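User: Could you take a close look at chain C for me, and at how it sits against its partners? I'd like one connected walk through its contacts.

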Amino acid sequence: MTILRAQGVTKRYGGLLALSEVDVAIEENEFVALIGPNGAGKSTLLNVLTGLTPPTAGTIELGGRSITKASTHARIRAGLGRTFQHGRLFDRLSVLENVMVGAANRPGRSEAQLESAARTSLERMGLGHLAPSRISSLSYGNRRMVELTRALAGEPRILLLDEPAAGLNSGEVEDLMTRLRAIRSEHRLAVVLIEHNMGMVMRLAERIVVLNFGRKIAEGTPAAVQADPAVLEAYLGAGSSYAAD
Amino acid sequence: MADLIQLLTNGLALGSVYALAAIGFVIVYSATGVVNFAAGQFVMLGTFAGVAMLLNAGLPMPVGYAAALIAMALFGALFYLVVYLPLRTSPVVTVIIGTVAIGITLQNAALLTFGSWPFRLPSPFEGMMIEVAGAVVSVHALAVVATTAVMIFLLWLLLHRTAIGIAMRAVAQDVKAARLMGLRVQWLLAFSWILGAVLAGVAGLMLGPMWFADVNMGDPIALKAFAATVIGGFGSLPGAIAGGLFVGLAEVLGASYISSAYKDLIAFGIMILFLLVRPQGIFGEPIQDRG
Amino acid sequence: MALRVLALAAYLAIGLALSVSVSEYTLRLLNLATISAVAVIGLNFAFGYAGLISLGHAAFMGLGAYILAILTTQAGWSPWLATLPAILGTGLAAVVIGVPLLRLKGHYLALATLGLNVSFGIVAANWIELTGGTNGIAKIPGLSLFGHAIEGERPFLWLSLAVVAVLAVLASFIQRSRYGRAMMAVRDDETAASMTGINVTATKVSAFALSAIYAAIAGCLFATHVHFISPDDFNFAHSITFLSMLIVGGEGTIAGAIIGAALLTFLPEWLRVLGESYLAFFGLMMLAILIFMPTGIVGLLSRFRRSAKREAPPAPASSGEGART
């Protein structure tokens, strides 16, 4: 069953076409990577999907219901989850409280239930010992893991990750990949991953969507996308540093 | 008709004073980012600098005016050192409260020095009236409008035709880039405070003969200057002029044609309306001509 | 938790001890301080938690006071009964005003709320049939409890101390609930807050309305304490004073709100020994406090507490540098 469907999504900023008639469908429990060179429109697409940016044209459905006009918080409550490129946490709240904020979007939980849900989420991510810490005391890697935990605590049906590995060292990237695999086996949720780290994309993704200049230029299994001449020309050719490592 | 001409003249004169006060406020804001809640006290000090030089020291008029403005320039420099520098990295609220606090000090220092009894600051055109299209208007009011026009022209020359003015505009647009270009940013920021204080001083010297010189006059002027700034567009110099004239005219015409009790409600009502509907004010893009 | 119970006990002990030991004049000041504390604890919701710079808080206090004064003196209501419409009406007004106004941020919101406060003063001073204009409303009846009139400074202080205690405990519960966390999340990062399912607009409006409700309670206390109100009691200078109290005490903390209210009520009185220039010195002292104690008294205390902890043997490596508590 399709959990998230975007059809004909177009975003125009003045004369600039950031997204042009993009169609994306994400199946339940699927792991999709969204790739493309810088400026391809990946983050814009995420912003349109989460309601931060209204699309110029197109429709978005979540679980079969239109959310094209819904506010961001309503989309989150309907099952969307997202992390940001640079890890945006609430500095005045502790780690535990940050995760409790995420857990609170499921209705009808008491304060005690919120706290235990948040603690469980932190334990699962191996961050239990950080619960009372202040955000300012966290390492960059831990900040990003706490943000991921906060998004998971909201029990999303589909999680959008905006370059979760950016700025992490190789050990942290390995750890992140292990966590992401574990999350999928434990939570039954779909993941959309924006990532420049091709090694990570090829190892995790079941399907890859390629954007270039705001258009979807390819879509398919990692092997098929890697062999697609359009991708090689437009994307890998544009910056060989992105080639699989 | 004669009434209307008289009202328009008085409204434009009052509006000119508000405009100058608002310009002083905007120059400081766009250069330093400080929302100066003591801006009204600056104008009050300008009036009392006039009182001190013309009445207390008995200086002749041109000398007295010059001395008062020099005193205001020194005050601007002092304010830069004592208030701006220590608070320059503080959050907006702290700056607001800090400038209010120093405003309380200024007001009470003036009270201690000059007492609570209002003064009558003389005008060079004391008691002079002329007839314009059948209406009798005061020469002082016309002189205020003319002086303001000259001040705005001089300010425009300063900002567009002199090295220091062009550097100030660069700082207002991007402090970091200005620093990279080798501009001495701290001196330019200090100069903005001095310029702001001098403009407030001119406003105060012109306002003195229109109102009574009263140590409590600062707050009402500050509120009008804020309204003018918001209506015109925060950070925009043409906006401050348009907003100031608008608030002055609204006050004088509103008092006469609508209700003298509610005359101030017009300015604040319109200010709030602007904030809700068009928070960027009349002059929407305050990027190009910030002081 | 233990610290909060201790703070509450200390507050009540100090308040009661003062109430039986100080002069009538000091009692009056203490009453003004506790009434301000109610307003400032309220302002802490809007500014301390949700980050909304309001320079119109005194107008909400005034609205509550005027509703109570008009209902008691002109419609003959009992003061207790009149507090209900005073509080609810003010809260409702804050919602109606907040929905359009709270889209503004920073100094724009500060100036808009300032304009609101000035407008409130103009209306209160000129709607003479209802408000008595600048002459104000006199002979507002006092409160009574179990048939005993709460008259005189000392009994009123007991009442107001109790009101502050109850409202502080309530505020503390709200702070530690999902609603309090949502307010702080919105202040820290609106976009990230909406991305955790928080309705940003609703959160801001509730924080604003809650702060107005506390202000209205302060207004009711003020009206029944002084028995007389006029527009000057609620002008924008008072709004700035409330914000100063919160910042000097320590924004974002309930203890800070109470300490700031008490300190800024008494500081000018203590400075009176300086003679006529005391207000000029008061301004300078405020500036010095803002420069040298940017996080307020509570911020300073908690920094001491944290650095003391750090010097203790099992220094936790993760104890942060963040100044707010």
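Analyst: Here is a look at the two faces of chain C, one after the other. This is a predicted model, where local features need pLDDT of at least 70, side-chain atom pairs count only at pLDDT 80 or more, and totals for chains, interfaces and linings use all residues. Residues are numbered from 1 along each chain as its sequence is written, chains are lettered from A in the order in which they are written, and side-chain values use heavy atoms, with hydrogens and water left out.

Start with chain B: 36 residues of chain C meet 36 residues of chain B, contact being heavy atoms within 4.5 Å. Together they bury about 3,200 Å², 84% of it on carbon and sulfur atoms; that's accessible area (1.4 Å probe) lost on being put together, summed over both parts. There are 0 salt bridges here, a salt bridge being a Lys or Arg side-chain nitrogen within 4 Å of an Asp or Glu carboxyl oxygen. On chain C's side, 27 residues are nonpolar, 7 polar and 2 charged, with Ala, Val, Leu, Ile, Met, Phe, Trp, Tyr, Cys and Pro counted as nonpolar, Asp, Glu, Lys and Arg as charged, and the others, Gly among them, as polar.

Now chain A: 28 residues of chain C touch 28 of chain A, burying about 2,400 Å², with 56% from carbon and sulfur atoms. C:Arg178, C:Arg181 and C:Met195 supply 31% of the area that chain C buries there, more than any other three residues. This pairing has 4 salt bridges, and C:Arg181 forms a salt bridge with A:Glu111 (3.2 Å, N to O).

Technical notes: Buried area is the accessible area (1.4 Å probe) that two parts lose on being put together, summed over both.
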